Amino acid sequence: MMAITMAQALNTALRDAMADDESVVVFGEDVGPLGGVFRVTDGIARDLGDDRCFDTPLAESGIVGFALGMAMNGFRPVVEIQFDAFAYPAWEQLVSHVSRMRNRSRGAVGVPLVVRIPYGGGIGGVEHHSDSSEAYYVHTPGLKVVIPATVPDAYSLLREAIADPDPVIVMEPKKLYWSKADVALPVRTAGFGNAEVRRPGDDVTVLAYGAAVPVALEAAEVASDRGRELEVLDVRTLVPFDDQTVAESVGKTGRCVVVHEAAGFAGVGAEMVARVQERCFHSLHAPVLRVTGFDIPYPPPILERFHLPNADRVLAAIDRLQWDDQPDPRWLTEVPA
Amino acid sequence: MTTSAELPAAEVVGSAAARLLPADTPIRFLDHDGRLVPDAGHGRYAMPRTELLTEAYRRMVLGRRFDAQATALTKQGRLAVYPSSRGQEACQIGGVLALRDTDWMFPTYRESMALVARGIDPVQALTLLRGDWHCGYDPHLTHTAPQCTPLGTHLPHAAGLAYAARRRGEDTVALAFVGDGGTSEGDFHEGLNFAAVFRAPVVFLVQNNRYAISVPLVKQTAAPSLAHKGIGYGVPSEQVDGNDTVAVLAVLCAAVERARNGHGPFLVEAHTYRIEPHTNADDASRYRDAAEVAAWQRRDPVARLESFLLATGALTDEDVGAAREHAEAYASQLRDRLLHDPEVDTGQLFEHVFAEPTPQLREQRRWLEEELRGES
């Protein structure tokens with residue numbers, strides 16, 4: 001068993017899916033001879049043919065719209081958007097058509113389409129290279145949204161996305177592209193709609209996804225040294241969401257913190273908090289807290305380390321979970337004008 | 001072909017431009033009174049077969065009667081809204097008859113006439129405008145995409161679907177309708193570019209009916225014509241008198257055949273006019289005057305074709321009468337079928353969001369069921 005990176009696992013998932021099903025095609029900007037700016041499609045055009053993996057004009061709305069047309073006519077396109085924020089021109093196609101075609105045709109026209117989007121920061125990127133845009137897709141009914149945080153999940157969730165009859169947005173945490181694990185491929189991990197307990201614990205449930213998962217695990221190590229056991233849940237699939245595993249964990253621990261990079265206001269964490277307090281209110285010993293990016297456009301590289309959630313911030317939130325049954329002082333101060 | 005180290009040669013670019021640009025004037029066969037003009041078709045396009053023209057006539061009579069009925073049904077509240085294509089019959093029926101049944105059509109919300117001319121059940125075609133589900137027909141069975149609301153966004157779909165067909169060795173062609181306003185949208189640009197780069201067999205039919213709701217063409221573009229936009233993508237183009245059915249069919253059939261034979265996309269700009277307002281909710285007197293409408297009514301596509309076919313003996317007065325009777329019966333049947341409101345089934349809310357509902361959707365369906373039973 002070799003150590004492979006997340007990018008290599010994604011590459012192998014694409015190759016295996018294409019070998020299994022000749023209707024699977026891969027396209028986007030620079031995915032052909034270059035192999036993608038993150039090398040996720042490295043060698044695929046050369047090995048499987050430039051009719052199976054090919055470059056397109058620089059036009060994201062066209063890429064997704066063209067892919068939708070192909071998906072309507074017997075193909076299973078897997079398109080790559082080069083960076084998170086460059087998906088925005090494709091926004092109309094995703095929201096107006098990809099998410100609705102099955103619904104408006106009452107099931108006559110399905111859209112077996114995958115859109116792969118490298119997302120998130122921590123790579124020193126300039127503007128438009130570090131956004132966490134998952135909330136927009138999650139809030140669009142008709143799109144599935146999956147976010148691998150581990151190498152095996154990258155392989156398995158992408159394979160499942162390609163096989164899914166519905167459109168799936170696969171958001172790949174680019175900071176973790178070079179993370180490594182010993183994995184024998186192919187591998188099948190838990191399916192869509194299943195969160196995974198990455199580290200069991202009895203004291204606090206920490207919900208995280210993508211690059212926030214290693215952050216949560218790092219905090220859990222330190223917390224354990226201090227006598228608190230965090231149960232870290234990797235949410236993995238935002239849509240469909242695993243209410244059951246989350247509720248079971250919070251039912252056990254009675255305390256919950258949600259961690260994500262994206263801006264906190266109206267972020268996906270807000271939805272998770274709402275669901276936890278609706279379903280687990282009587283199990284809770286403290287309010288559910290969030291550790292997120294600030295409500296600002298993603299900052300430049302020289303400031304991003306102050307914006308991104310880190311283990312210290314997660315631990316600070318843990319400390320505010322009313323262990324002494326006192327109200328959280330943060331919310332007692334007046335908001336300044 | 002130049003290598004990347006060489007600059008494009010003048011003769012190569014020049015000859016490509018000549019090949020791609022439209023003729024200086026719109027292609028025409030019939031004058032306003034339905035008489036064949038000298039130099040009909042500019043010598044570039046063949047007269048369509050008589051059977052095709054008589055079929056076009058019958059479907060145009062039907063289409064016009066259907067359109068009038070739909071407008072009436074909207075005034076009676078049986079339809080929520082109806083964007084009429086009265087006056088655009090040559091384009092609506094021309095677009096349909098240039099295609100085989102196995103070819104695909106990509107309509108906008110103003111193509112109800114084309115949908116019924118294609119043989120789609122009118123009640124299925126009108127679900128969108130009736131306040132019912134958006135697409136009442138099966139796109140795969142009818143080879144007709146759902147009517148597109150956000151203008152121009154269906155053009156990349158047409159390119160992708162047609163390219164998919166060509167990849168599989170099929171000779172399917174896609175014809176996509178778009179209006180003068182729609183050519184300003186970004187997806188017009190992206191759809192034509194993709195179609196050209198991937199040599200997708202798509203015919204883009206721009207129905208230039210002079211107005212995007214109230215915005216006139218002169219505010220929409222500074223291009224010499226909408227057809228001239230094609231050269232920017234390497235897409236050959238032509239303008240046509242959009243109220244001359246013979247010309248519309250001649251040009252569209254040639255464009256479809258060209259695409260079918262692997263020569264890629266084609267752009268047709270059909271000059272026509274929207275006789276009715278944008279929809280029943282629009283007040284067209286605010287932006288155009290009655291004299292302009294009257295001038296275009298004198299170029300009526302149905303009357304022109306009828307005159308021509310009667311003069312050549314392809315149609316008799318009996319044929320004309322029969323066509324009108326058939327259309328009348330069609331309209332009457334439609335009226336009857338739309339007397340009742342569509343069925344309301346709340347369970348449909350949660351179906352077809354995904355192939356299988358998520359646990360969250362199943363939960364919400366239960367909540368709604370409880371609410372309706374008075375239990376919540």
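User: By class, what does the lining of the largest cavity have?

Analyst: This is a predicted model, and the lining has five nonpolar, four polar and one charged residues. Ala, Val, Leu, Ile, Met, Phe, Trp, Tyr, Cys and Pro count as nonpolar, Asp, Glu, Lys and Arg as charged, the others as polar.

User: Which residues line the largest cavity?

Analyst: From chain A, His97(A), Met101(A) and Arg104(A); from chain B, Phe106(B), Ala145(B), Pro146(B), Gln147(B), Cys148(B), His154(B) and His157(B). A cavity is a set of 1 Å grid points where a 1.4 Å probe fits but can't get out, and lining residues have an atom within 4 Å of a point.

User: How much space lies in the largest cavity?

Analyst: About 70 Å³, while the second largest has about 40 Å³; volume is the space filled by probe spheres set on the joined points.

User: What lines the second largest cavity?

Analyst: Residues of chain A, including Tyr119(A), Glu134(A), His260(A) and Glu261(A). By class, that's five nonpolar, three polar and two charged.

User: New topic: why is β2 of chain B largely enclosed?

Analyst: Five of the six residues of this strand (residues 174-179; strands are DSSP E runs of at least two) are buried, meaning under 20% relative accessible area with a 1.4 Å probe, protein chains only, so the rest of the structure largely encloses β2(B).

User: What does β2(B) pair with?

Analyst: β2(B) pairs in the parallel sense with β1(B), residues 104-106, over three bridges and with β3(B), residues 202-208, over six; pairing takes at least two DSSP bridges.

User: How are residues numbered?

Analyst: From 1 along each chain as its sequence is written, with chains lettered from A in the order written. Local features need pLDDT of at least 70, but linings use all residues.

How values were computed:
This is a predicted model: local features need pLDDT of at least 70, side-chain atom pairs count only at pLDDT 80 or more; totals for chains, interfaces and linings use all residues. Side-chain values use heavy atoms; hydrogens and water are left out. On a 1 Å grid over the protein atoms alone, a cavity is a set of points where a 1.4 Å probe fits but cannot get out, and a pocket is an open set with protein on both sides within 12 Å along at least five of seven lines; lining residues have an atom within 4 Å of a point. Buried means under 20% relative accessible area, exposed over 50%, partly exposed in between (1.4 Å probe, protein chains only). Helices (H or I, at least four residues) and strands (E, at least two) are DSSP runs, numbered from the N terminus.
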